Amino acid sequence: MKNLLAGSAGTIAVILIVVVVLVLAMLLLVTLVRYKKCPSDKIMVIYGKISPNKDGTYRSAKCIHGGAAFIWPFIQSYTFLDLTPLSISVDLKSALSKQNIRIDVPSIFTVGVSTDPAIMQNAAERLLGLQLKDISELAKDIIFGQLRLVIATMDIEEINTDRDKFLEAISRNVEGELKKLGLRLINVNVTDISDESGYIIALGKEAAAKAINDAKISVAEENRKGAIGEANAQMQQRINVADAESKAIEGENKAKADIAQSKALLRQREAEAMKLAVAAENVQAAKAKEESYAAEKEAEIARATREKATKEADIIVASEIQKRKIEIEADAEAENIRRRARGEADAIFAKMEAEARGVYETLSKQADGMAQLVKAAGTSDEAVRLLIADKLENLVATQVEAIKNLKIDKVTVWDNGQSADGKTATANFLSGMLKSLPPLDDMYSMAGLKLPKIVSPEKVEETKQPDNE
């Protein structure tokens, strides 16, 4: 029972560990999937269940620019607001100024979604889900209204002459209204200002005429001053001519002396400068030549080293190639010799093997034939006799070959007649000649045969002796 309880407890512990691991893995996966990063050119708007502010108020959305946040599943979602600037062309016509003169003010406004935290909240509440085209149209309507309002509070002279004040007023009014939507004004560019009545043109003509008249008055005044000054100058000239001439001569002489001294000093300084310049040039030329020679020396050394390395590389590479070629040719020749030797050895072995098989087959067949012969004869001796009897014809033919060309009719025997044994000289000659042949009688006897009496006189004598006795 204790073992059963212990086993159940172990199983439950394992199940709990697996469940905990699965839960942790799911939490990690959800964290990785729902942790979102905001690009630098967008604003990430998180909406749904949003935590309250520090003051206890609730927000409809949470805006993040340049960062990341965890999006709670099921209770939160997210989207992006584009920070791409919008260029809006505002062609305002017949705008009523403070002087009740209608003017045309074509301009170009550049706006974009603001990254200020408070203004981003307005953008999330009022621009979320709108296309850039829709945002542009909405901003355009606001700009038209504020631009008319600014023009209505200013004179044409201020608008035309003080452009900085005009642009500052436009920026202040327009940006204040754009912030309510979550936008900010980036740039204002007023291209031209004109009116239907020609007031601005008349102002220009008036200013031009005034400038021309002022210029003419200034010219006349200057001419008058010039004439008076010219008369006074002539008078003063006459008074001062004599004094000036005397002083001029004295000054001229002094000036000539000063000039001569100055020229001498100038020449001296020019000579010193020339000497220094020539010395500097010579020094620089010497240094340049020294550097040039050193560079040429290093270049020659480098060239010699390169040429030496090139020649050594050519010789070594050629030698290596020749060596490798000889080794390959030697290996190929050795391989050919080995192959030829193996081929010749295989041929000799095959020939000898065939000859051995032939000899073996011949001897085997002969042995089989001898066995059959012995079996047929009954004994080995009888078998030998049969073999000799079979070869007698060949043996006799061989014996006859020895004397077949002997011409008996050409043989002359000189004798005195019969010998003591009663044989004639001719008979003795023939018997002796036959005795010179191999002993056929023994061979016949081995075969159990006997030679004819005409070729075996001794056998005849032996057979006659019993009769004589």
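1. In this predicted model, Ser107 touches Ile88, Ser89 and Val90, then Leu147, and also Asn189, Val190 and Thr191, where residues up to four places away in sequence are not counted. Ser107 is found in strand 7, which covers residues 102-113. With a relative accessibility of 2%, Ser107 counts as buried, because the term applies under 20% relative accessible area.

2. Strand 7 appears again in the surroundings of helix 2, whose buried residues pack against strand 2 (42-48), strand 3 (61-64), strand 5 (76-82), strand 7, helix 5 and strand 8 (183-190). The buried positions within helix 2 are Ile119, Met120, Gln121, Ala123 and Ala124.

3. Two packed helices are described by the angle between their axes and the distance between the axes. For helix 2 (residues 117-126) and helix 5 (residues 163-181), the angle is about 60° and the axes lie 6 Å apart. Helix 2 and helix 5 are therefore oblique to each other, since angles of 65 to 115 degrees would be needed for roughly perpendicular. On the side of helix 2 the contact is made by Ile119, Asn122, Ala123 and Arg126, while helix 5 contributes Lys179, Lys180 and Leu181. Of these, Ile119 and Ala123 are also listed among the buried residues of helix 2.

4. What holds for the protein chain as a whole? The chain has 10 helices and nine strands, and buried residues make up 17% of its 469 residues. Among the contacts with a separation of 6 or more, 68% are accounted for by residues 24 or more positions apart. The accessible surface comes to about 34500 Å², and 59% of that surface belongs to carbon and sulfur atoms.

5. A nonpolar patch lies on the surface and is formed by Ile15, Val19, Val20, Val23, Leu24 and Leu27, which together have about 530 Å² of accessible area. One of these residues, Val19, has its place in helix 1 (residues 2-34). At 42% relative accessibility Val19 counts as partly exposed, a value that also satisfies the patch criterion of over 30% relative accessible area.

6. Side chains of opposite charge can pair when their charged atoms come close. A search of the whole structure finds 11 salt bridges, and two of the pairs described here share Arg303. Glu300 forms a salt bridge with Arg303, with the closest N and O atoms 2.6 Å apart, and the side chains of Glu307 and Arg303 likewise meet in a salt bridge, at 2.6 Å from N to O.

7. How are these partners placed along helix 6? Glu300 and Arg303 are three residues apart in helix 6 (residues 199-377), so they are separated by about one helical turn. Glu307 and Arg303 both lie in helix 6 as well, four residues apart, which is again about one turn of the helix. An α-helix has 3.6 residues a turn, so residues three or four places apart point the same way. Each of the three residues counts as partly exposed, with relative accessible areas of 43% for Glu300, 36% for Arg303 and 31% for Glu307.

8. A further salt bridge joins Arg340 and Glu333, where the closest N and O atoms are 3.8 Å apart, against a cut-off of 4 Å. Arg340 is partly exposed with a relative accessible area of 46%, and Glu333 counts as partly exposed at 42% relative accessibility. In addition, salt bridges that share partners join Glu335, Arg338, Arg339 and Arg342 into one network.

Notes:
Residues numbered from 1 in each chain as written. Predicted model: local features only at pLDDT ≥ 70, side-chain atom pairs only at ≥ 80, totals over all residues. Heavy atoms only, no water. Patch = residues over 30% accessible without salt bridge, like charges linked within 9 Å, V, L, I, M, F, W, Y side chains within 5 Å. Areas by Shrake-Rupley, 256 points an atom, 1.4 Å probe, with all protein chains shown as cover. Helix = DSSP H or I, 4+ residues; strand = E, 2+ residues; numbered from the N terminus. Buried < 20%, exposed > 50% of the residue type's maximum accessible area, 1.4 Å probe, protein only. Axes fitted to C-alpha atoms, helices over the stretch in contact; angles between N-to-C directions. Parallel < 35°, antiparallel > 145°, perpendicular 65-115°, else oblique. Contact = heavy atoms within 4.5 Å.
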